[in-house]
Structure formats: structure tokens, C-alpha cells
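Please read the following note alongside the sequence and the model. Its points go from the whole chain to single residues.

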Amino acid sequence: YCKTDMSDPDKAAETVLARAENSTALLAGCGMGHSSETEKFMAALIKNCRIPMVIDADGINSICGNIDILMNAKAQVILTPHPGELARLCSVSVGEAAEKRLELAVGFARKTGAILSAKGADSFITDGKELFISRFGNTALSKGGSGDILAGITASFAAQRTAPLYAAAAAAVVLGKAAETLSENASCRSISGSDIVGSLPYVFKKLDI
């Protein structure tokens, strides 16, 4: 975990990358906020990061106006957008993003070289060449924080040197199975993000991971 001063975005990126020097994956964006400074910060981070990088939440929002930076990434980038974030990445309406989520995700991945884990009732995970569809999960995941958990699981798998595309696909399955496992004994409405995190060791055992 690294929190840094965004008043100097380039220095902030240098600080994060220095802290991550001995790491095997990097997660950026969760709880970061969005401003002109974070846009510069994310551009510097993507340009100079040499380990697989997962970008979520305001990290995604901070590159929507500059997606070409993804083509200059030194390492594989994984984006985990919900339909609203996908709409902003692709400069379309939320309605169009929801209707054409698969088409947009594949096209964006092909154009930029990034991996997309497009979240939804069915999650589409693609690098523009291969495609995985996860149909696991339920309405327990329709709460704030679920996306952060997905990003964290994805980064965890990537940090264990799982190929980035497979890390993203496995994370979607694990998160979905966690929600399904919990809903066997609890109402989906009552299941919290903390419940999902707490269930992960049991889900890993169930899936023999």
C-alpha cells in the first residue's frame, strides 16, 4: 500500500514505482479520486511501470481522456471497468456500453493492447484475441466495494505470476463463486464486501486453488 502527495504527479509516480521495485504486480485507482493531477499521475505510472498493472475505479476515470497512453505501456495493463467506466473509456453512452459491452471490450483491447475485465451480470475478460466469460455471481455483488475486491484478487493472481489474462479471468470466477457460496446461507441483500473477503479462503479450497 502506498499513499502519496498528488501535488507533483510525476514525483508521486516515481514514489509509487520505487516502493513497487521489488513487487510483481501493481494495483492503482481504488479510492484515489479524479483530478487533472491524477490524470498526469496515471499517465506517468503506465508509461514507466514494468510489472503487470491492474487499474480500477478512478484510475480508469483518469485515463479516459488519454487512452493512447496504454499503447506505450512497458508492461501488461488490466482494466476492470463497470458499464459506466466502459462507456467513458469508449466515448459512448452508458446505454450503448451496456448493450454492446462485449463488442466494445474486445475492440478496446485490440486497439490499446490492454486486457479488459468488463464487469456485469456476465463478465467479459479479453485481450482482444482470447475471450473468457464468467457467469458466476449474483446480486450480492451489486454493492459498492465489489469492484475493489475484484481488482485486488486480480492483482493478487498477477503478483503470483499468473499470466495477466488468466489472472483476470480467474479473479472474476473466484469473486462470483464467493457470492454464490455466501448466498447458500444468507440473503444476497445482507452480504457485504467484508463477508466476501472473509469467504475467500473457503472458496479457494472449494475450487482447489
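1. For the charges, Lys and Arg count as positive and Asp and Glu as negative, while His and the chain ends are not counted; each charge is placed at NZ of Lys, CZ of Arg, CG of Asp or CD of Glu. With that convention, the protein has 21 positive and 22 negative charges, and the mean positions of the two sets are 3 Å apart.

2. A word on the basis of this note: the model is predicted, local features need pLDDT of at least 70, side-chain atom pairs count only at pLDDT 80 or more, and totals for chains, interfaces and linings use all residues. Residues are numbered from 1 along each chain as its sequence is written, and side-chain values use heavy atoms, with hydrogens and water left out.

3. The protein has 9 helices and 6 strands, where helices (H or I, at least four residues) and strands (E, at least two) are DSSP runs numbered from the N terminus. Its radius of gyration, taken over C-alpha atoms, is 16 Å, close to the 17 Å of the globule rule for 209 residues, so the protein is as compact as a globular protein of that length; the rule itself is 2.2 Å times the number of residues to the power 0.38.

4. How much of the protein is buried? Buried residues make up 45% of the 209 residues, where buried means under 20% relative accessible area, exposed over 50%, and partly exposed in between (1.4 Å probe, protein chains only). Among contacts (heavy atoms within 4.5 Å) with a separation of 6 or more, 60% join residues 24 or more positions apart.

5. Two residues other than glycine deserve a look for their positive phi values: alanine 57, near 50 degrees, and arginine 161, near 70 degrees. Alanine 57 sits in the loop between β2 (53-55) and α3 (58-61) and is buried, at 18% relative accessibility, whereas arginine 161, in the loop between α7 (146-159) and α8, is exposed at 68%.

6. Glutamate 184 belongs to the loop between α8 (164-183) and α9 (193-206), and its relative accessibility of 54% makes it exposed. From C-alpha to C-alpha, glutamate 184 lies 17 Å from arginine 135, and the two are 49 residues apart in sequence.

7. With a disulfide taken as a pair of cysteine sulfur atoms within 2.5 Å, the count is 0. Cysteine 49 is buried at 3% relative accessibility, while cysteine 30 is partly exposed, with a relative accessible area of 32%.
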